[in-house]
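Here are a few exercises to work through with the model open beside you. Try each task before reading its solution.

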Amino acid sequence: MVCALQLSGCALLRVLALAVLALIGTAPSAPAIAQQGCFLFFCPPGVQPPGQRKPRPWFSPGDLFAPQEQPPPPVPKKPAEPEGVVYQSADAAAQGRKQPQTQFILVMGDRIASQLAQGLADAYVSERARVAVIETIADESGYLPTPVDWPPRFPEAVNAARASVAVLALGNDDLQPIKDGDVTVQPLTDRWMELYAKRVDDVLTALRAVAPRVIVVGLAPVQSTTVSDDYRRLNDILRSRAARAGFPFADVWEGFVDEEGKFAVFGPAVDGQRRRLRLNDGIRFTRAGGRKLAFFVQKDLDRMLADPARPSAGMSGGPLERPAALAGPPAGARGTPPAVQVSAPARALMEGVPPPPVRGRADDFSWPPPAEASPSGAQ
């Protein structure tokens, strides 16, 4: 009887062992237990049984040193660049408007003049209801008669634009030989400079006949040092001939060089930020560069637009007087111009020459002083 009980007990133990092995075979792996939690009443290390999670204390010393998650700072919106519109005529500018613009800026010239026109349109974008920018452009052109002769084009361009002010930007393509009878004169020789100055005079005279107010724009430096040096010499001619014609000269050179006077690709823009001003070809301008180019023209433009009834500086609608005198007598004039008397205060301001001392004043160092001198001037 005892043996039978022992045998049945052994069989029962075998059955229980097989059941446990079967359960172990179907049990999930350790990673799965870690993911799913506890299996029956067995839990992997570090895992709390369900419903028995240890509550987190309200304060932990680690909280003092734990990095605090900050929300990302708001990204400031970049202000939109002004986008002015350049028109081909005054009629095109007024199209679709109940109240057309009252003042029109006409920009004439080469491919650089086109970028100047866009810069001016961007500059006056807040006044587009009053001011419109019109352009008449011939990419490859200059003061020289070839390949484009500008004087015959002036009347139609000025009339189509109903120009309040005409801005002339030429000269970038003028380093070309000039025909002088049967002789070809090479650029920047003495004879070439003489012929070129005469041609500039002819162009400005033709423009003055149809446009009451004109601004002449100078050349900007380029990446080529040799060409930049040549442009400096052309600027000297343009400046002097513009003054002779009574037109303001917009000198843009200093806006596109660095502290050493060399060509600069980057520089301060009109918004005060450092920006790229020139394109990779070292000649043309970026949008910011064209806006800065326009900045040097705006001073004279604003003055002229503010006083529409007044012609260009020094102009009265008739023959020029003072501007021509400042630039010297016209070619072929006879006689010597009268000497200009300059007052002592003017010399002090312009030349730094001090005025003569006045007897008894603080700057009078004569001896003896006036108080000690005898009335007769002799002992």
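**Exercise 1. How much of α4 is covered, and by what?**

Start with the count: α4 is mostly covered, since 10 of its 13 residues are buried. Keep in mind that this is a predicted model. Next, pick out the residues: Ile112, Ala113, Gln115, Leu116, Ala117, Gly119, Leu120, Ala121, Asp122 and Ala123 are the buried ones. Then look at what sits over them: the cover includes strands β1, β2, β3, β4 and β7, along with helix α8.

**Exercise 2. Check the length of α4 against what its residue count should give.**

Helix α4 runs over residues 111-123, which is 13 residues. At 1.5 Å a residue, counting one less than the number of residues, the span should be 18 Å. The end C-alpha atoms are 19 Å apart, so the two agree. While you're at the start of the helix, find Asp110: one of its side-chain oxygens comes to within 3.1 Å of the backbone nitrogen of Ile112.

You can do the same with α7 (residues 225-245): its 21 residues reach 30 Å from first C-alpha to last, close to the 30 Å expected. Right after α7 comes Gly246, with a positive phi near 85°.

**Exercise 3. Is Leu106 buried or exposed, and what does Leu106 touch?**

First place it: Leu106 is in strand β2, residues 103-109. Its relative accessible area is 0%, and the cut-off for buried is under 20%, so Leu106 is buried. Now skip its neighbours within four places in sequence and list the contacts: Ile134, Glu135, Thr136, Ala157, Val158, Ala161, Ala163, Val165, Ala166 and Val167. For a distance to try yourself, go from Leu106 to Ala117: they are 11 residues apart in sequence and 8.3 Å apart in space, C-alpha to C-alpha.

**Exercise 4. Which residues does Gln298 contact beyond four places in sequence?**

Gln298 belongs to helix α8. With the nearby sequence left aside, its contacts are Leu120, Ala123, Tyr124 and Arg291. Both Leu120 and Ala123 are among the buried residues of α4. As for Gln298 itself, a relative accessible area of 11% makes it buried.

**Exercise 5. How many cavities of 30 Å³ or more are there, and what lines the largest?**

A search of the whole structure turns up two. The largest holds about 110 Å³ of space. Its lining has 15 residues, and those nearest its centre are Ile112, Asn172, Gly218, Leu219 and Ala220. The element giving most to that lining is α4, with three residues.

**Exercise 6. Find the unusual backbone geometry.**

Here's the background: most residues other than glycine have a negative phi, and most peptide bonds are trans. Take the peptide bonds first. Thr146 and Pro147 are joined by a cis bond, with omega about 5°, and Pro147 sits in the loop between β3 and α5.

Then go to phi. Arg162 isn't a glycine, yet its phi is positive, about 45°; you'll find Arg162 in the loop between α5 and β4. Leu188 isn't a glycine either, and its phi is about 70°; it is in the loop between β6 and α6. Finally, compare exposure: Arg162 is partly exposed at 43% relative accessible area, whereas Leu188, at 13%, counts as buried.

**Exercise 7. Over which residues does pLDDT stay under 50?**

Begin with the whole protein: mean pLDDT is 79, and 61% of residues reach 70 or more. The stretch you want is residues 314-342, for which the model has 28 contacts beyond four places in sequence.

Terms used. Residues are numbered from 1 along each chain as its sequence is written. This is a predicted model: local features need pLDDT of at least 70, side-chain atom pairs count only at pLDDT 80 or more; totals for chains, interfaces and linings use all residues. Side-chain values use heavy atoms; hydrogens and water are left out. Helices (H or I, at least four residues) and strands (E, at least two) are DSSP runs, numbered from the N terminus. Buried means under 20% relative accessible area, exposed over 50%, partly exposed in between (1.4 Å probe, protein chains only). Contact means heavy atoms within 4.5 Å. A polar contact is a pair of N or O atoms within 3.5 Å; within protein, one must be able to donate a hydrogen and the other to accept it, and residues adjacent in sequence count only if both atoms are side-chain atoms. pLDDT is the predictor's confidence in each residue, from 0 to 100. On a 1 Å grid over the protein atoms alone, a cavity is a set of points where a 1.4 Å probe fits but cannot get out, and a pocket is an open set with protein on both sides within 12 Å along at least five of seven lines; lining residues have an atom within 4 Å of a point. Grid points are joined across faces, edges and corners, and a volume is the space filled by probe spheres set on the points.
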